[in-house]
Amino acid sequence: MKLKQFLLATISFGLLAVALFVPQISLRLATLPGKKALAWLAFFGLYALLICLYFWVLKKDAFHKLSKNDWVAIIVGYFTLTMIKLVYADLSQWLYHQTDTKNDNLIRAAMGHNQTTALMIVIIACIFAPLCEEMLFRGIFMKLFWPQKFFLPIIISGLLFGLAHSNFNILGTLLYSALGWTLAFVYKYTKNLSASLTLHVLNNAPVILVFFLGIH
């Protein structure tokens, strides 16, 4: 990749990454008195614009019907993610006497504000975040950077995914990076964003629903 091409790709990806966090202003609106209707309008409107933007950048159809091979990759990926999280929990308890990440705590705090923010968090974590993050960190990243290589885009996109999630320490960053590496491998192996998206939803949904039921 030439330097000019790399710089343009980096700037483009950086702007698209910043755009990923814009819809979250609706969570702020939802905490203000009398702004719930506006918050929901901003919530769905901004995510709709973001998804359209990401689809436009991807251009080619990146989502395909899941094949048997895709489902095998998803199942193997799910067990891999489960083992990663179990190892993280043990190491974090041993080193820091905690098992939750900063990202988990932020999610719980946002859910605790009111019913509206709680429902928004559930929708974000189970639908919008997996969809947008797969399009950005897997589909778009691997289209812009080293599309002909296998492991290099997996490694870099996983690291960026880890850095994009709030963490207390390096172990938390490594956890999310490992999650990113697994999702990136599944996408690169299957060449189907539907596979990594399905795995992402399966990883997020149970935890988020437990958080939601525990608070509400």
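Let's start with a term we'll need: a residue counts as exposed when its relative accessible area is over 50%, as buried when that area is under 20%, and as partly exposed in between. Keep in mind that you're looking at a predicted model.

**Exercise 1.** Work out whether Lys191 is buried or exposed, and say where it sits.

*Solution.* Begin with the location: Lys191 lies in the loop that links α8 (170–190) and α9 (193–215). Next, take its relative accessible area, which is 64%. That value is over the 50% cut-off, so Lys191 is exposed. Now check the backbone: its phi is near 55°, a positive value in a residue that isn't glycine.

**Exercise 2.** Do the job again for His97: find its loop and look at its phi.

*Solution.* You'll find His97 in the loop between α4 (68–96) and α5 (102–111). Its phi is positive, about 60°, although His97 is not a glycine. With a relative accessible area of 65%, His97 is exposed.

**Exercise 3.** How many salt bridges does the whole structure hold, and how accessible are the residues that form them?

*Solution.* A search of the whole structure turns up 2. Take them in turn.

- Step 1: Arg108 pairs with Asp100, and their closest N and O atoms are 2.8 Å apart. Arg108 has a relative accessible area of 29% and Asp100 has 27%. Arg108 is therefore partly exposed, and Asp100 is partly exposed too.
- Step 2: Arg138 pairs with Glu134, at 2.6 Å from N to O. Arg138 is buried at 0% relative accessibility, and Glu134 is also buried, at 0%.
- Step 3: Look at the spacing of that second pair. Arg138 and Glu134 are 4 residues apart in helix α6 (residues 115–144), so about one helical turn separates them.

**Exercise 4.** Glu133 is buried yet has no salt bridge; which side chain of opposite charge is nearest, and how far away is it?

*Solution.* First, place the residue: Glu133 belongs to helix α6. The nearest side chain of opposite charge is Arg138, 5.3 Å away. A salt bridge needs the nitrogen and the carboxyl oxygen within 4 Å, so Arg138 doesn't make one with Glu133. Then see what Glu133 does instead: its side chain makes a polar contact with the side chain of His200, at 3.3 Å. Finally, list its neighbours. Leaving out residues up to four places away in sequence, Glu133 touches Leu20, Arg138, Phe161, His165 and His200.

Conventions. Residues numbered from 1 in each chain as written. Predicted model: local features only at pLDDT ≥ 70, side-chain atom pairs only at ≥ 80, totals over all residues. Heavy atoms only, no water. Buried < 20%, exposed > 50% of the residue type's maximum accessible area, 1.4 Å probe, protein only. Helix = DSSP H or I, 4+ residues; strand = E, 2+ residues; numbered from the N terminus. Lys, Arg positive; Asp, Glu negative; His and termini not counted. Polar contact = N/O pair within 3.5 Å; in protein donor to acceptor, adjacent residues only side chain to side chain. Contact = heavy atoms within 4.5 Å.
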